[in-house]
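Colleague: Could you take me through one part of this model up close, the surroundings of the ligand, and then work outwards from there? I'd like one connected account rather than a list.

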Amino acid sequence: MVRNFKKYAMVYTHLWASYGASWRVRTSYCLQIIGRICKLIFLPIAVSLIIARLSVLDFEGAYQAVFLFVAFSLTLGVLSPVIKYVGMLGENEVYRDSIGSYFSRLITTDIEYFHSNLAGYLTTATRQYGDSGVQLVRSLRDRYANTVLSILFPLVVILWVDVVIGFIALALSLVQVVYVLWASYLISPFRTQSRELYKRNSGKIADVISNILAVRSVAKEDVYIQRVRQDASDEAELFTKRYHLQAKLIALREFITVVFFLILLWLVVERMHGGAIGITGAVLVMTYTTTILAGIYSLSDDFDEHDDLVDKMIPAFEILNRNNKITDPASPVPFEHVRGEIQIRDVSFTYHEKRNDLNVFNNFSLHIPQGQKLGVVGLSGAGKSTLTKILLRFNDVIAGGVLIDGIDIREVKQTDLRRQIAYVPQEPILFHTSIKENILLSRPDASDEDLHNALKAAHAMQFVERLPDGIDSIVGERGVKLSGGQKQRIAIARAVLQNSPIIILDEATSALDSQSEQIIKDSFAEILKGKTAIVVAHRLSTLSDMDRIIVIEDGKLIEDGTHESLLEKNGIYAAMWKRQLRHEGE
Ligand SMILES: Nc1ncnc2c1ncn2[C@@H]1O[C@H](COP(=O)(O)OP(=O)(O)OP(=O)(O)O)[C@@H](O)[C@H]1O
Ligand SMILES: [Mg+2]
């Protein structure tokens with residue numbers, strides 16, 4: 001129970017701060033509630049008035065009461081959509097804002113979080129947060145509030161007409177309400193499990209879709225079809241279990257309701273027989289008893305739906321309440337137009353906080369003077385990409401520090417830091433938009449001339465011009481419509497356009513044929529001109545013109561020098577170089 005209330009408190013505090021702040025939403029709530037109370041006061045009174053008039057054969061009075069009844073119903077009928085329209089305007093406004101601010105939280109969440117959660121799940125959580133939130137606010141006003149009022153208000157009137165019947169009705173209603181809450185509590189674990197299954201399964205489906213090529217290439221479609229069937233059947237099975245429990249609870253509720261109704265009807269007859277109430281009072285009590293019963297019926301269904309909606313919002317709070325590990329400092333140091341001197345001082349780093357034996361780096365130090373072109377080589381898994389991620393502060397070091405122009409990167413805003421570093425990751429990341437948009441990502445306001453220069457520098461112009469829609473060609477999800485080398489050239493063009501004082505290329509030319517790579521390498525002089533550059537490459541020929549080359553092994557810097565000096569040293573780099581020359585010769 002306590003867990004349930006904590007959930008409600010979390011969701012409602014949030015909804016109050018967002019939707020509750022809109023005057024349109026608040027106005028629509030007030031008007032709707034006033035309208036409902038008027039209806040609750042007026043309609044039963046009109047009915048009992050008509051019956052009272054008819055019982056003394058006063059037809060004139062009965063007609064007047066009917067007329068009043070119709071006029072009132074019509075007024076409410078016309079006003080209701082107007083009220084909902086006003087509310088809808090406010091809700092739409094808040095819906096847009098809340099999705100926006102939720103998304104801004106999501107998009108700035110630690111990169112590690114995205115590595116640990118499936119994209120399909122995060123997409124579902126985002127959609128459900130927005131949809132269920134607005135649905136909850138609407139249902140609360142249009143239905144749940146009505147349900148609660150149609151129980152509470154009649155109770156007050158019955159108490160006023162006859163205290164004895166009133167207290168009995170109050171006690172019976174309380175029994176029903178407690179029952180509904182208890183029933184919902186019993187269903188709650190099923191709801192949580194459903195949510196977990198839904199989250200897991202939507203994540204799995206999206207994972208299959210994004211890896212469709214792997215699935216199809218190993219001809220294992222049937223395995224995945226079977227898995228999705230199995231997942232759907234798990235969901236259906238859970239729903240059946242939930243339905244069994246729900247059916248039993250509904251049957252018991254029906255029984256309690258009939259008893260409730262019987263007791264009240266019997267009491268009304270009893271009290272009228274004893275002269276405690278007259279015909280008008282009796283009709284009023286009976287009409288209101290029916291209203292309470294209808295309310296209690298809806299209460300159970302409403303509660304069920306309400307808890308489903310609340311539950312659908314819960315995954316979003318993982319993001320909203322999450323404390324990021326990588327945060328901006330309270331008073332960030334200004335960080336613009338940096339020179340680009342990089343100092344990595346005694347850095348230790350791990351991806352697994354609880355396992356210090358799995359550190360990627362231990363006391364790693366490196367000084368890269370401003371404007372130096374640094375080549376980084378090393379075996380797979382040595383820590384080259386990790387080093388670049390530390391520089392971009394996608395991950396924080398556990399000891400030591402990284403300084404750019406003498407400023408610790410933890411003292412500046414992450415966006416300021418990353419604006420100073422053009423980064424081409426090991427896997428080129430492209431959006432499902434045009435080539436133009438993909439390149440402009442780093443500088444949306446760039447001129448056409450800059451765009452073309454960037455394309456030329458990355459040697460992408462030739463192939464882009466040959467595409468049917470040229471620079472406006474759509475590249476497909478993650479760039480699937482381009483070849484590996486073409487994707488890399490687009491990613492390089494994006495980095496060139498960013499024109500930042502520091503540039504990091506992590507295996508940025510690995511997918512290029514050696515001829516294209518040679519051409520890009522020749523243009524490195526232009527691309528890297530005046531910048532501090534870190535170029536990671538497995539193909540050593542890419543790096544032979546660099547000012548300096550370092551070799552990393554198991555997170556340790558084991559060789560450091562120019563291409564020539566390292567060859568002279570005849571160490572690991574020289575051995576790698578000879579091996580690659582042999583391969584190329586073969
Ligand atoms: N997000 C992550 N979570 C956990 N471990 C990681 C993560 N990314 C990398 N690692 C681990 O850190 C170590 C260094 O990886 P890194 O990607 O830096 O290697 P690399 O030198 O770039 O290799 P490659 O040449 O294959 O690109 C590896 O053991 C890798 O498994
Ligand atoms: Mg790597």
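Modeller: Here is a walk that begins at the ligand and moves out along the chain. Bear in mind throughout that this is a predicted model.

Around ligand 1 you'll find His 115, Tyr 351, Val 360, Gly 378, Ser 380, Gly 381, Ala 382, Gly 383, Lys 384, Ser 385, Thr 386 and Gln 426. Sorted by class, that shell has 8 polar residues, 3 nonpolar ones and 1 charged one. Which helix gives the largest share of the shell? That would be α10, residues 384–391, with 3 residues.

So let's stay with α10 for a bit. Its buried residues are Lys 384, Leu 387, Thr 388, Ile 390 and Leu 391. These sit on the same side of α10, because the arc they cover around the axis is only 160°. The general background is that an α-helix has 3.6 residues a turn, so residues three or four places apart point the same way. Following α10 comes Arg 393, and its phi is positive, near 60°.

Next, the sheet. Four strands make up an open, antiparallel sheet, and their order is β2-β1-β4-β5. At the edges are β2 (361–368) and β5 (407–408), each of which pairs on one side only. α10 packs on this sheet, where it touches β1 (342–349) and β4, and its direction makes about 115° with that of β1. Over at the β5 edge, β4 (residues 399–404) and β5 are joined by 2 bridges in the antiparallel sense. Leu 403 is the residue that stands opposite Asp 408 in β5.

Now back to the ligand shell, to pick up another thread. Gly 378 is one of the residues surrounding ligand 1, and its bridge partner in β9 is Ile 552. Strand β3 (residues 373–378) runs parallel to β9 (residues 548–553), and 5 bridges join the two. β9 is also joined by 5 bridges to β10 (residues 556–561), this time running antiparallel. Ile 552 turns up again here, with Leu 557 as its bridge partner in β10. You can therefore step from Gly 378 to Ile 552 and on to Leu 557, with the side chains in a regular strand alternating between the two faces of the sheet. The hairpin of β9 and β10 has 2 residues between the strands, and Asp 554 in that hairpin takes a positive phi near 50°.

Two more spots are worth a look. Asp 328 lies in the loop between α9 (279–320) and β1. Is Asp 328 buried or partly exposed? Partly exposed, because 16 other C-beta atoms lie within 10 Å, and a residue needs 20 or more to be buried. Once neighbours within four places in sequence are left aside, Asp 328 is in contact with Lys 413 and Gln 414. Its C-alpha atom is separated by 6.8 Å from that of Val 412, a residue 84 places along the chain from Asp 328.

The other spot is Leu 15, in helix α1 (residues 2–18). Leu 15 counts as buried because it has 20 C-beta neighbours inside 10 Å. Not counting residues up to four places away in sequence, Leu 15 touches Gly 20, Gly 133, Leu 136 and Val 137. Between the C-alpha atoms of Leu 15 and Ser 98 the separation is 9.6 Å, though the two are 83 residues apart along the chain.

Conventions
Residues are numbered from 1 along each chain as its sequence is written. Chains are lettered from A and ligands numbered from 1 in the order in which they are written. This is a predicted model: local features need pLDDT of at least 70, side-chain atom pairs count only at pLDDT 80 or more; totals for chains, interfaces and linings use all residues. A residue is near a molecule or strand if its C-beta atom, placed from the backbone, lies within 6 Å of it. Ala, Val, Leu, Ile, Met, Phe, Trp, Tyr, Cys and Pro count as nonpolar, Asp, Glu, Lys and Arg as charged, and the others, Gly among them, as polar. A residue is buried if 20 or more other C-beta atoms lie within 10 Å of its own, exposed if 12 or fewer, and partly exposed in between; C-beta atoms are placed from the backbone. The arc is that of the directions from the helix axis to the C-beta atoms. Two strands pair if DSSP finds at least two bridges between them. Two residues are in contact if their C-beta atoms, placed from the backbone, lie within 7 Å. Axes are lines fitted to C-alpha atoms, for helices over the stretch in contact, and angles run from 0 to 180 degrees between N-to-C directions.
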